[in-house]
Amino acid sequence: MRILVTNDDGINAPGLKVAEAVARALSDDVWVCAPAEEQSGAGHSLTLTRPVRLRRHDERHWSVTGTPTDAVMLAMKQVMPGLPDLILSGVNRGANLGDDVTYSGTVSAAMEGALAGIPAIALSQVYAREGMGDTVPFEAAEHWAEAAIRPLLDWPFPPRSLVNINFPPLKGDAVKGIRVVRQGFHDYARGSVVEGTDPRGYRYYWFGLYGIEHTPGHDTDLEAVADGYVAVTPLQLDLTMDAALAGLKARYA
Ligand code: MN
């Protein structure tokens, strides 16, 4: 089984090493190709307006001066000897829960795999509070990732689907188990915006992620993680709202 490991936190991120270790527990044929710099919040963006460089660190470790989507594309087209059988994206430093999946470079790297017809899994470690920087503990991910991934190895991923996994901010032995749940939604009160003045006297705004309140819907990823479980959520790239098709067609008739 050939596995591609990528992320959106960059080639030097600690979570990438956690994902690589899990991949190595599953296979000897592991390739790492990740953005050179952090790309959190990059979503599914593809770099079109400037060239992208591919850097070889060793035979199996590569970085790309672009987005997670760029990294997955170049891994498949330029780096690997053939297409991967599985893509692991993460382990992200921070949650990718609810509607945040559309901002997420971590989830989007898995989406790119799903578009290519490759089973793809996004992995994210939720952390307890803002401002933890590189001290975010990956204990729950280290302890639970293999157990969360193994049942998916022979699962027939439907076309254009992926699986999003979030680990709760707990020590490994404090995690209660694994729940398969639907995607939830945050209340729409987007996180913090810090306002300041740069060294040249110009005003800037800087988005933060925390301070987003939510009342998690029942059986959602948000609720599962809040209850201390690993959340496993199947996602699909077809965003069509089937229930609205007939009604909208009638309006244009
Ligand atoms: Mn990230």
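This section describes two helix pairs, the surroundings of one strand residue and one pocket in a predicted model.

Helix α1 spans residues 14-26 and helix α4 spans residues 139-149. Their axes come within 10 Å and cross at roughly 45°. Angles from 35 to 65 degrees fall outside the ranges counted as roughly parallel or roughly perpendicular, and α1 and α4 are therefore oblique to each other. The handedness of this crossing is right-handed. On the α1 side, the contact is formed by V18, V22, A25 and L26, and these residues meet A141, E142, A145, E146 and I149 of α4. Classified by residue type, the contact of α1 with α4 comprises seven nonpolar and two charged residues, with no polar residue.

A second helix pair consists of α2, covering residues 68-79, and α3, covering residues 105-115. The axes of α2 and α3 come within 8 Å, with a crossing angle of roughly 35°. The crossing of α2 and α3 is likewise right-handed. Helix α2 contributes P68, T69, V72 and M73 to the contact, while α3 contributes G105, S108, A109, E112 and G113. The contact of α2 with α3 is made up of four nonpolar residues, four polar residues and one charged residue. Charged residues thus number one in the contact of α2 with α3 and two in that of α1 with α4.

Attention then turns to a single residue in a strand. R93 belongs to strand β5, which runs over residues 86-93. When neighbours within four places in sequence are set aside, the contacts of R93 include D9, A13, P14 and E38, which precede R93 in the numbering. R93 is also in contact with Q125, Y127, G133, D134, V136 and F138. P14 is thus a contact of R93, and residue 14 also opens helix α1. By comparison, A120 lies 27 residues from R93 in sequence, and the C-alpha atoms of R93 and A120 are 18 Å apart in space.

The second largest pocket of the model has a volume of about 510 Å³. Its lining consists of 18 residues. Those that lie nearest the centre of this pocket are Q183, F185, L235, Q236 and L239. Among the contributors to the lining, strand β11, comprising residues 229-236, gives the most, with four residues. By class, the lining of the second largest pocket contains nine nonpolar, five polar and four charged residues.

Notes:
Residues numbered from 1 in each chain as written. Predicted model: local features only at pLDDT ≥ 70, side-chain atom pairs only at ≥ 80, totals over all residues. Heavy atoms only, no water. 1 Å grid on protein atoms, 1.4 Å probe; cavity = no way out; pocket = protein on both sides within 12 Å on 5 of 7 lines; lining within 4 Å. Points joined across faces, edges and corners; volume = space filled by probe spheres on them. Helix = DSSP H or I, 4+ residues; strand = E, 2+ residues; numbered from the N terminus. Nonpolar A, V, L, I, M, F, W, Y, C, P; charged D, E, K, R; others polar. Axes fitted to C-alpha atoms, helices over the stretch in contact; angles between N-to-C directions. Parallel < 35°, antiparallel > 145°, perpendicular 65-115°, else oblique. Left-handed = near helix turned anticlockwise from the far one by under 90°. Contact = heavy atoms within 4.5 Å.
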